[in-house]
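Biologist: I am new to this structure, and I would like a close look at the metal site. Please take me through that part slowly, and then show me how it fits with the rest of the chain.

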Amino acid sequence: MRVTALTSGLAKTTAARTPRRSDDRVIIHFDYDCFYASVFENANPALKGLPLGVKQKSILATCNYAARARGVKKLQLISEAQKTCPDLVIVNGEDLTPFRDASKKLWTFLRSHSWNGRVERLGLDEVFLDVTDVVAYNQELLNRNALRDSFFQLSRQDPERGFNFDASSFFGCVQPKLDPTSVDSVLDNPVCVRLLLASHLAGYLRLKLEEDFGYTSSGGVSTNKVLAKLAGSVNKPKNQTTLLGLYEDDIKNFMDGHKLRQIPGIGSRIAQLIQDHVLSTKTTADPHDLEIGAGVTVREVRIHPGMSADQLERILDRPGAERGSGEKVWNLLHGVDPSEVKEASDVPTQISIEDTYMSKPLNAPAEIARELRALATSLVRRMRVDLTTVDEVDPSDPASQHQGQPQLRWAAYPKTLRLSTRCRPRLTTTGSTPTPESFSRNSRSQSLPSFVLNLKDESVESVAERLASELLLPLFRRLHVERQGWNLALINICVTNMVMVAGSSESANGAGAGGGRNIARMFRTQEDKLREWTVYDTAPVPDNPTSPSTHDIKNDVHGEEGEATPMEDLVEAAETAVVSLDSDADAWEEEDESQRCHICGHAIPSFALLAHERFHSVED
Ligand code: DGT
Ligand code: MG
């Protein structure tokens with residue numbers, strides 16, 4: 001075998017077709033193991049070791065590995081899971097607050113190890129870390145004569161902050177498996193040395209996540225996001241994989257082994273269009289390939305006659321399709337992904353809370369009023385957590401001393417409030433196929449009044465009450481002029497258009513001591529880099545004794561109308577899982593699109609399609 005420089009990634013003969021991969025960066029991907037289940041286990045260690053499932057509606061959002069060993073699966077119907085494992089312990093995971101809080105805590109820890117601030121969350125339980133600079137620094141420090149006694153420096157300023165490691169081998173697994181005689185080739189290859197160093201950093205951080213916070217995770221190390229994420233899936237749980245491109249075909253072979261649908265950034269709609277093309281133009285039909293759901297592999301697409309970036313562009317050319325999709329997909333098939341790990345921010349660009357009512361659409365004014373109040377309570381509570389900061393007491397500032405104790409204040413505030421609703425499509429039957437009549441989302445915005453920002457005299461509940469009655473209800477009436485019968489399947493309230501606030505001591509005295517340090521930290525992240533944190537909320541509202549939880553509200557409202565169907569539960573539970581969507585994610589954006597189910601005609605978000613398809617198979 002011939003060793004090549006990783007940076008080329010090319011065979012000369014296929015240079016015209018094969019995209020060029022850049023291996024300048026070093027990326028680590030973390031995926032916490034059975035995340036929701038781990039949150040419950042950490043809160044109640046007696047659950048550890050028992051088969052545990054986390055329920056949302058009538059499905060298991062996830063289950064721990066003890067349950068998986070007994071045959072229980074993620075997204076399984078609870079009734080099925082209980083048949084498979086009668087002593088399965090089931091806990092209710094419809095309140096997302098504990099998962100959100102754990103996610104933020106772990107992300108904050110990982111972020112504290114970044115030098116360049118490139119730390120990106122994907123959903124609640126995945127994090128990308130761009131460690132290019134940390135690793136480059138440690139590469140300089142490496143002593144080839146004492147590899148076994150290496151020290152990884154975690155801080156430029158403090159040479160003692162770090163950990164000892166053995167640089168003569170990788171931490172965790174390596175893909176493809178490394179022939180012991182190749183170790184020297186690794187050390188001669190700068191890209192591989194960087195990946196080796198990153199494998200030790202990933203191992204150290206994963207160990208800290210486990211020892212200090214109680215969360216095991218799976219890790220992937222490579223030179224871009226798509227490769228790091230796929231590498232992380234190779235050895236799960238509680239393990240990690242470093243993906244090397246030591247030999248010319250390593251990355252190609254790695255990618256080839258995946259189904260098209262497994263590649264992050266290639267959503268189900270794109271995969272379906274490509275698969276349809278490949279199968280319809282196959283010269284030697286193999287009936288096995290044509291099995292519904294078998295799914296084509298990356299290799300089958302890559303070597304398909306005439307396949308290229310241009311060909312993919314033509315295949316994907318549909319109304320509304322993004323230009324350049326062909327090239328993007330062609331790149332991904334070759335493990336090429338230039339998308340950056342986004343910079344972390346303390347402040348979201350918007351906060352959005354929503355709930356869905358797929359099984360029992362809302363129709364009566366009283367239902368709407370209660371839902372708006374419940375959502376407003378969640379929103380105000382979320383704003384007070386995510387958009388505020390505590391001013392330190394500045395000993396040199398008499399005003400600050402005079403107040404005596406740390407003051408909560410807004411680090412940023414939103415200027416705009418938006419209400420969006422979606423009505424459930426009415427199915428009409430054309431022949432034997434039901435087709436939805438309409439499925440649109442309507443929105444109205446207005447400026448946010450100042451009483452919402454009153455931290456001193458107003459409780460969360462009183463602000464939420466006013467927000468619901470003085471703003472949201474009038475907005476709702478503008479959106480829906482009919483008096484009732486809206487068949488509402490979704491309500492979303494969102495605050496956006498953030499304005500950053502300078503600190504009190506800083507705005508009064510100029511940059512300086514005390515609160516100024518907080519503000520300086522806050523301003524390191526520019527407004528244009530802020531991320532959207534969307535929270536799909538089914539959280540109870542425990543602080544208001546007179547108001548039932550949002551989940552309870554749904555039960556109250558729907559109680560008389562009969563049970564939800566399994567499909568509605570599956571779709572709704574899958575939708576509930578989507579937290580923290582990143583609106584401007586480039587390579588990953590396809591995951592967030594809605595698609596129509598070709599069996600029943602419902603518009604289903606991509607992430608929910610798996611659960612939805614399961615419903616149809618259960619029905620069959
Ligand atoms: P893993 O990574 O295979 O060890 O297991 P998890 O449970 O960490 O699964 P993952 O990483 O796919 O998703 C993280 C959490 O997000 C998971 O604990 C439950 C939730 N989740 C993921 N997909 C869905 C879904 O389709 N529906 C619902 N309701 N929740 C989901
Ligand atoms: Mg996970």
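Modeller: Happily! Let us start with a word that we will need: a donor is an N, O or S atom within 2.8 Å of the metal, a limit that becomes 3.2 Å for Na, K and Ca. Please also keep in mind that this is a predicted model.

Now to the magnesium ion (ligand 2). From the protein, its donors are Asp-31 (OD), Tyr-32 (O) and Asp-125 (OD), at 2.1 to 2.2 Å from the ion. Along the sequence, these donor residues follow the spacing D-Y-x92-D. Asp-31 belongs to strand S1 (residues 27–32), while Asp-125 sits in the loop between strand S5 (119–122) and strand S6 (126–130), so this pair ties together parts that are 94 residues apart in sequence.

What is the arrangement of the six donor atoms around the magnesium ion (ligand 2)? It is octahedral, because the angles that they subtend run from 81 to 175 degrees. As for the surroundings of the two aspartates, Asp-31 has a relative accessible area of 14%, which means that it is buried. Asp-125 is buried as well, with a value of 18%; the cut-off for that word is under 20%.

From here we can turn to an open sheet of three strands, which come in the order S3-S2-S4 with mixed pairing. Strand S3 (59–63) and strand S4 (89–92) are at the edges, each pairing on one side only. Direction ignored, neighbouring strands of this sheet are turned by 40 degrees against each other on average. Strand S2 (residues 52–56) runs parallel to S4, and four bridges join the two. Within that pairing, Gly-53 has Ile-90 of S4 as its bridge partner. Helix H1 (residues 35–43) lies across S2, S3 and S4, and its direction makes an angle of about 115 degrees with S2.

Some details of the backbone are worth a look too. Lys-57, in the loop between S2 and S3, has a positive phi, near 55 degrees, and is not a glycine. With a relative accessible area of 14%, Lys-57 is buried. Further along the chain, Lys-238 also has a positive phi, of about 50 degrees, without being a glycine. Lys-238 is partly exposed, its relative accessible area being 49%, and its place is in the loop between H8 and S11.

That loop, between helix H8 (225–232) and strand S11 (240–243), also holds Pro-237. The peptide bond between Lys-236 and Pro-237 is cis, with omega about -10 degrees. Another cis peptide bond links Gln-175 to Pro-176, again with omega about -10 degrees. Pro-176 is found in the loop between strand S9 (173–175) and helix H6 (183–188).

Finally, a word on confidence. The average pLDDT of the chain is 78, and 71% of the residues reach at least 70. Residues 434–438 stay under 50, and the model gives them 19 contacts beyond four places in sequence. The stretch 504–593 is likewise below 50, with 235 contacts in the model beyond near neighbours in sequence. Where pLDDT is low, the predicted coordinates should not be read in detail.

Key: Residues numbered from 1 in each chain as written. Chains lettered and ligands numbered in written order. Predicted model: local features only at pLDDT ≥ 70, side-chain atom pairs only at ≥ 80, totals over all residues. Heavy atoms only, no water. Pairing = 2+ DSSP bridges. Axes fitted to C-alpha atoms, helices over the stretch in contact; angles between N-to-C directions. Contact = heavy atoms within 4.5 Å. Tetrahedral: all angles 85-135°; square planar, octahedral: opposite > 155°, others 65-115°. Buried < 20%, exposed > 50% of the residue type's maximum accessible area, 1.4 Å probe, protein only. pLDDT = per-residue confidence, 0-100.
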